[in-house]
Every structure is written in structure tokens, then in C-alpha cells.
Amino acid sequence: MDLFLMTLTTGIMVGGIYALVALGWVLIYKCSGVLNLAMGEMTLIGAYVSLSFYSMGVPFLLSMLFMLIIGFILGILTERIFLDRLIGEPVLTVIMVTVGLSFFFKGTLEFIWGTDTRSFTPPVFSIEPIRIGPLVIGQVYLWSFVAAIVLLVIFVSFFKYTRWGLAMQATADDEMAALSLGVSARFVYAAAWAIAFMAAGVGGTLLGNINGLNISVGYLGLLVLPVVVLGGLNSVPGAILGGVIIGVLQNFCGAYLDRYFPGGVKEIAPFAFMAVFLLWKPYGIWGWERIERV
Amino acid sequence: MDSPQSILKINNIEVKYHEVILVIKGVSIEVPEGGIVALLGANGAGKSTILKAVSGLLKHEDGRVTDGSIEFLGQRIDRMPPEKIAKMGIVQVIEGRRVFEHLTVEQNLKVGAHMRKFGRSIKEGLEMVYHYFPRLYEKRNEIAGFISGGEQQMTVVGRALMTSPRLILLDEPSMGLAPLLIHEIFNIITRLNQEEKISLLLVEQNAKLALNVAPYAYVLENGRIVMNDSAEKLRENPDIKDFYLGMTDLGGRKSFRDVKHYKRRKRWLT
């Protein structure tokens, strides 16, 4: 029972991080229809940037803030330089460009930061676990979860309550109609990439805190796919729920199945689950089926 | 039409899609300030393309004005991006009731107010829209994808109104609506024209309706203007009667076997 509860909580907490990254992914997909396969490398960039600031002695929160600013700028640059000229091109072309981007990012990362595993030293969160009733939770997990939730709330309320958020939702719904009302599509795309970059960066930083940081954290970029497929490709709440589900699933597989199928059930489980899930719910949990009035 | 203060002037434009497909072949249209002008024509004549050329949405479909010019209040706009044109006060209501399906009615309207920066003017705008479309006020919190077709059309027109436009390009507001609703919507459109002094360029397939609302109309065939005159004169024109209003010279029903349809139609196309 203890193991069960522990696994569940850890799963939910890690799931919060997945949710954050998935939110960024969904945003790009929703607003501009781009299937972004460079998400993992975007998380890595963010993680390495905040790690660099942190190792220079900048307090953790401040280095996160710097990372957010840099992520914002990089997001806009990426959109402006690589994706702006692809508007209106076939979907496959755009996907291949994001694949190219992922290699480009990865190469740049290895060039700058090397391939060794690095960790946040001194550790940002104390190793002393926190006890809540019967639960024992590592501080890293708890704070990561809190940070992820705070950012999720910020991003979601940005969509709900600001002029620009509304414009982004409108563009996602019907681009042509949004354009006719004076919404600048270029701005919306750039904003989507900026937010995605920031979300990815935070996700990467938090994960890097948990396991240490090396290129393999970029695996998150692939893991985001089952998360968003599960939630429905263009649903923000779906991405959040999907993140949590995948996080929990992964941890359960790690805890219970690893004994029987040693070596990486944890990594495969989300994808196997995705394949089965798609069979009976191809739109995901909250994906858009076209609204049709009868 | 030689009204000196025209709000929109389309001078002999040519439109190409994908740099090769010539859709509009030299069209000139003029909309007087505060007036309503109708643009009639069959499917595929190029009516919507002309509206998109004015609003700039054409560029988004890989189309381009390759010749001629479009002037709004004396300023050339045919090379401007759509958001800039919208800012100048032109708004297009795209055909087919394109509401933002997953937003509520009020959110739809608020997107229309995207260019207004201040909360207060958004409120005033909303009040004005609800004044003209009381039905939208009742439905304001409903998801726009699920309201009726007429209400969606109202939402779309109301949304355009939120941009505080000087010229509305209205594309087939009557499409697929019940006659009573069409009547209601056209009433409101005329009121908007008279009370808010908004000029209108109206595209319609329903010629009878359009000629009732607009004092002046152009007839478009195959990317060319084949006729333009005041509504009364067009109503009396035998060809218009035949092709667009569905009446014969005698006023009675007729067999289509008797009409040398294609021959007469050909005459227009020179």
C-alpha cells in the first residue's frame, strides 16, 4: 500500500512537469498547426540555460527568470527565422523542418555544454523528504509540482482573460476569420512559440533537478507525444490531464512491472498505452471533434 | 456613379492565384461614403475574391492583386497586410458564418474588439451590438458552435461591428437561412448603414434581396463586370430579370426549353 501511494504521488508530481511541456506543444499545434518535433531539445536548451546561470551563483528563482526571458526571445527568433516563411507550405515540410531544428539544437547544445551529465550544485532543494500524513515526498518533486502548477495557472489564465490570449484561441479556431478582424497571425504564431519555449524550459529545468541533466532529458520531447495524443491534440486541459496520466502510468510501470520485464518498461509503457488508447478514442480525451449542429 | 466622396475605389484590378490563375480580369467598383453597393453574380464569378482583395485576406490564400489599385479614403491599400487594412476601418464578414466555434458568443464579439485597447470601449461596443442584436445578448454565454445558423450570422456581423468599421464587406449573409431570418438580418444591416453611417459592399446571390437594399449594383460574370447601374434600372433589365430574378418579360411562368439561355448569356461576355 505504501508503495502504491508513493508511486501515485510521484507520478502525479512528475506528470505536472509533463503537463507543462505538453501545454507548450499543444499551443503551437493549436495556433499554427505545426507538429513540433523539436520540443525535447527546447526543454534541454531551457534546462542548460538555467543550469548555467545557477552554476554562476545566480539564485535559482532568478536563473529561472533569466531562462524564461531567454526562452521567450529564442521562441520568437525560432518562429521568425525558421517557421515564418513556411506558412502555407505542406504539413510534412513543416514537420521535417522541426526535425531539422531538433538536430540543430542538439548539436549546438553538445557544442556548448558537452555531453556529460551535470547536476545543479549545490542542490536547489534539500534532500530531506517531507512527510504529509502517511506520504513521504521528496522535496524536489513537491516543489517541481508546485512550480509546474503555478505556471500552468498563469498560462491558462493568459488564454482565458487577456486580449492576446483570446486572439490566440480565435486564430486556433478559424485563422481566416481572425485575420479579417485585424488579429495579426504573425504575432500569434510568435507568441505561441515564445510561450512553448518558456514552458519547455521550465519543464527541463525541473526534470534536470530531479535526475541530473544530460542530453537524454530531451527524451521528454518524444514523451510529450503520448501525452498530447491522450489529451487530444488541441486541448489545453487535455494536455494537463494527459501529462498527469502518463506520469502516473510511467511510475506504476516502473514500480510494479520492472521486476518482470527488466530494462525500460517505464520508457515504453506510455507509447504502448498510446497505441492502444488510440484504437478506441482517436480524438483523445478532449480533442476537437468538429462541432456539427443537427 | 460619379459621387465625389467615395470611400472605396477599386480601379481596374486583376487578381491572380498562385501567380498563374487569373480570376479577376479588370474590375472597377466604387462605393460612396455611407452608401450600400451590391455585387451580384453566379457561383465562381469572383465576388468573394474581390472582397478578399480589398480586405487583404487574399494574400493568405496565395493570391495577389497583380494590376490596378484599390484605394480606401484616397489611400492605396492593395499592398497592405490584412491587419493594417482592418485597422484602417475595413472589415470583411467572410461567407459561411465562420464563428469561432469553441468560444462563447461574447468571446467571439470580444475578439472583434481586439484592436481596441481599452476595456471601456469594448463595453460600449458590446452594448451597441446587443442593441442591434438583442438575441445575441440572450445567447452571450453559449458556445458559438452550438447556436442556430441565424444567430451565428448575427454573431459574425456583430463581431465585425466590434471593430468599429467604416466599411463592411459582407459576403452572402443570406446563405442557407430561413426567409424570415434573412429579412431580419437585412433590416438590421440597413439600420446599421443609416444609423451608424457604415458603408457596405454587399455580395449576394439573392439578387432580389440585394437590389432591395442597395441603391446601386454591379453584376459580375467570369471575373468581369458586365453591367452596373442603379437598382431600379437593373430590376427592369430583361437579362437580370431572366437570370437573376427568375421572371420573364411577360411576368408569367415559362418553360426553360424556350430560352436560348446560353446564346443570350454569351452576349455579356463579349
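## How far to trust chain B

Chain B comes out with a mean pLDDT of 86, and 88% of its residues reach 70 or more. Keep in mind that this is a predicted model. Within chain B, confidence peaks in strand E6(B), at 95, and is lowest in helix H11 of chain B (residues 261-269), where the mean is 54. Where pLDDT is low, the predicted coordinates should not be read in detail.

For the complex, the predictor gives an ipTM of 0.84 and a pTM of 0.82.

## What chain B is built from

If you're counting elements, chain B has 11 helices and 10 strands. Of its 270 residues, 42% are buried. What about contacts along the chain? Take the contacts in chain B with a separation of 6 or more: 70% of them come from residues 24 or more positions apart.

## The sheet in chain B

Now for the strands. Six of them form an open sheet in chain B, and reading across you meet E6, E7, E8, E3, E9 and E10, in that order, with mixed pairing. Which strands stand at the edges? They are E6 and E10 (224-230) of chain B; each has a single partner strand, so one side of each is left without a neighbour in the sheet. From one strand to the next, the twist averages 15 degrees.

Let's zoom in on one edge. E6(B) runs parallel to strand E7 of chain B (residues 167-171), and four bridges join the two. As a spot to look for, Val93(B) stands opposite Leu170(B) in E7(B). In general, strands of a sheet pair through backbone hydrogen bonds, either parallel or antiparallel.

## Where the two chains meet

How many residues does each chain bring to the contact? Chain B gives 26 and chain A gives 19. On the side of chain B that touches chain A, three elements each supply at least two residues: helix H2 (82-88), strand E6 (90-93) and helix H3 (105-112). So you run into E6(B) again here, the strand with the highest confidence in chain B. By class, this side of chain B has 10 nonpolar, nine polar and seven charged residues.

## A helix in chain A

Over in chain A, have a look at helix H8, residues 185-211. Its 27 residues reach 39 Å from the first C-alpha to the last, close to the 39 Å expected at 1.5 Å a residue. Is H8(A) mostly covered or mostly uncovered? Mostly covered: 23 of the 27 residues of H8(A) are buried. Just after H8(A) comes Gly212(A), which takes a positive phi of about 85 degrees.

Definitions and conventions. Residues numbered from 1 in each chain as written. Chains lettered and ligands numbered in written order. Predicted model: local features only at pLDDT ≥ 70, side-chain atom pairs only at ≥ 80, totals over all residues. Contact = placed C-beta atoms within 7 Å. Nonpolar A, V, L, I, M, F, W, Y, C, P; charged D, E, K, R; others polar. Expected span 1.5 Å × (residues − 1). Buried ≥ 20, exposed ≤ 12 C-beta atoms within 10 Å, placed from the backbone. Pairing = 2+ DSSP bridges. Axes fitted to C-alpha atoms, helices over the stretch in contact; angles between N-to-C directions. pLDDT = per-residue confidence, 0-100.
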